[in-house]
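Me: I have a structure open and I am new to it. Can you show me how to read its features one at a time?

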Amino acid sequence: MTVKIGRKAYDTRKPQDLDAAMIAATGCNAAEIAGMLAGSPLAGLVAQVLLPFIAAADRPDHAALATAIEAAGKDVVAAQVAALFGEAAAPLPPAPTPPLPPVPAK
Amino acid sequence: MAKLLGSNYMVWIESATPGTYNLILGQGDCSINRGSSEIDTTSKDDGDYGTGAPGPRKLSVDLNILPKLPDTTGYTRLETLSNASPRVPFLMQIRKGGVTGGAPDVVFQCSVYGNLDSSSFGQAAAAGVKATFIAAAAPTVDTLA
């Protein structure tokens, strides 16, 4: 999924362990951060939360990203990041049910 | 009987896992404030002495911190919760057991809103933060020892 901030678009990928990534960045887990994103978070928090989703090579520094988010409208970007959370937290589809074994003939 | 040492009393905040608490590193002075407003019940026929009744208590906790980073589960978590908009209440405890304080050492527990009142960067001093916790509900534990 792509997150658009002004004219710049960032390709994002789900961190392997979303909870661990959020705790490392903010001290709060994914559910707590999702709640904060639903409010009116500061641009700095939106940037802090978005950074782990951006590949290391494309990752801007925190202050530059926060400034860009503020300029683009932090609530608009926060909604996109919240959508990333929804996607990242979505459960995997259930595995297909294996066919039942044949009933032995009597 | 022995006197109690303030240095043994330390602030812990609830972690992302409910029911578990983490110490904030770099703690300095801490105080609990329990001011009470007063309801003036004086009337003209009360004579020389005014009368009053206690109003609601205003409970808050002040804490000075010299942050020791990285401290994701302590200071960073406090910073994130305090800067959330709208504010998010969280549980805090004061434990009397120093850095190894456990659940039996809890002397104060309350749901609070955090605020980082000031950050100081003195020329010849460690960077410091003054935090205030404002009660979001009545404390569930509030004793001295």
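Reply: Start with rings. Rings of Phe, Tyr and Trp pair if their centres lie within 6.5 Å; planes under 30 degrees apart count as stacked, over 60 as edge-to-face and the rest as tilted. Keep in mind that this is a predicted model.

Me: How many aromatic pairs are there over all chains by this rule?

Reply: The count is two. One of them joins A:F53 and A:F85, with 5.7 Å centre to centre and 45 degrees between the planes, which makes the pair tilted. A:F53 lies in the loop between α3 and α4 of chain A, and A:F85 in helix α5 (residues 74–89), so the pair ties together parts that are 32 residues apart in sequence. Both A:F53 and A:F85 are buried.

Me: How do the planes of B:F90 and B:F133 meet?

Reply: They meet edge-to-face, at 75 degrees, with 6.2 Å centre to centre. B:F90 sits in strand β5 (residues 90–95) of chain B and B:F133 in strand β7 of chain B, so this pair links parts 43 residues apart in sequence. B:F90 and B:F133 are buried too.

Me: What should I look for in a core?

Reply: The general idea comes first. In soluble globular proteins, nonpolar side chains tend to be buried together. Here the largest nonpolar core has 51 residues, and A:F85 and B:F133 touch the most other members. Helix α3 (residues 43–50) of chain A gives the largest share of this core, six residues.

Me: Which residues does A:F85 contact, leaving aside neighbours within four places in sequence?

Reply: A:F85 is in contact with A:L18, A:M22, A:A30, A:I33, A:A34, A:L37, A:V49 and A:F53. You met A:F53 above as the ring partner of A:F85.

Me: What is the overall layout of chain A?

Reply: From the N terminus on, the elements run β-β-α-α-α-α-α. That is five helices and two strands. Chain A has 106 residues, of which 38% count as buried. Now take its contacts with a separation of 6 or more: residues 24 or more positions apart account for 60% of them.

Me: How do I read one helix, side by side?

Reply: Use the turn. An α-helix has 3.6 residues a turn, so residues three or four places apart point the same way. Try helix α4 (residues 62–72) of chain A, where A:L65, A:A66 and A:I69 are buried. Seen down the axis of α4(A), these buried residues fall within an arc of 100 degrees, so they line one face of the helix. On the other side of α4(A), A:A63, A:T67 and A:A71 are exposed.

Me: What is found at the start of α4(A), and what follows α4(A)?

Reply: At the start, a side-chain oxygen of A:D61 comes to within 3.3 Å of the backbone nitrogen of A:A63. After α4(A) comes A:G73, with a positive phi near 105 degrees.

Me: How unusual are a positive phi and a cis peptide bond?

Reply: Most residues other than glycine have a negative phi, and most peptide bonds are trans. Chain B offers cis cases. A cis peptide bond joins B:L69 and B:P70, with omega about 0 degrees. B:P70 is in the loop between β4 (52–65) and α1 (72–83) of chain B. The bond from B:S85 to B:P86 is also cis, with omega near 0 degrees. B:P86 lies in the loop between α1 and β5 of chain B.

Me: Is B:T132 buried or exposed?

Reply: The cut-off for buried is under 20% relative accessible area. B:T132 has 12% relative accessibility, so B:T132 counts as buried. B:T132 lies in strand β7 (residues 128–135) of chain B. Its side chain makes a polar contact with the side chain of B:D117, at 2.3 Å. Not counting residues up to four places away in sequence, B:T132 touches B:S60, B:V61, B:D62, B:Y113, B:G114, B:N115 and B:D117.

Me: What does B:T73 contact, leaving aside neighbours within four places in sequence?

Reply: B:T73 is in contact with A:I23, B:I13 and B:N22. B:T73 lies in helix α1 of chain B. At 30% relative accessibility, B:T73 counts as partly exposed.

Me: Where does the charged end of B:R95 sit?

Reply: Over the ring of B:W12, 4.4 Å from its centre.

Conventions. Residues numbered from 1 in each chain as written. Chains lettered and ligands numbered in written order. Predicted model: local features only at pLDDT ≥ 70, side-chain atom pairs only at ≥ 80, totals over all residues. Heavy atoms only, no water. Core = buried A, V, L, I, M, F, W, Y, C linked by side-chain atoms within 4.5 Å. Buried < 20%, exposed > 50% of the residue type's maximum accessible area, 1.4 Å probe, protein only. Helix = DSSP H or I, 4+ residues; strand = E, 2+ residues; numbered from the N terminus. Contact = heavy atoms within 4.5 Å. Arc of directions from axis to C-beta. Polar contact = N/O pair within 3.5 Å; in protein donor to acceptor, adjacent residues only side chain to side chain. Phe/Tyr/Trp six-rings, centres within 6.5 Å; stacked < 30°, edge-to-face > 60°. Lys NZ or Arg CZ within 6 Å of the ring centre and 35° of its normal.
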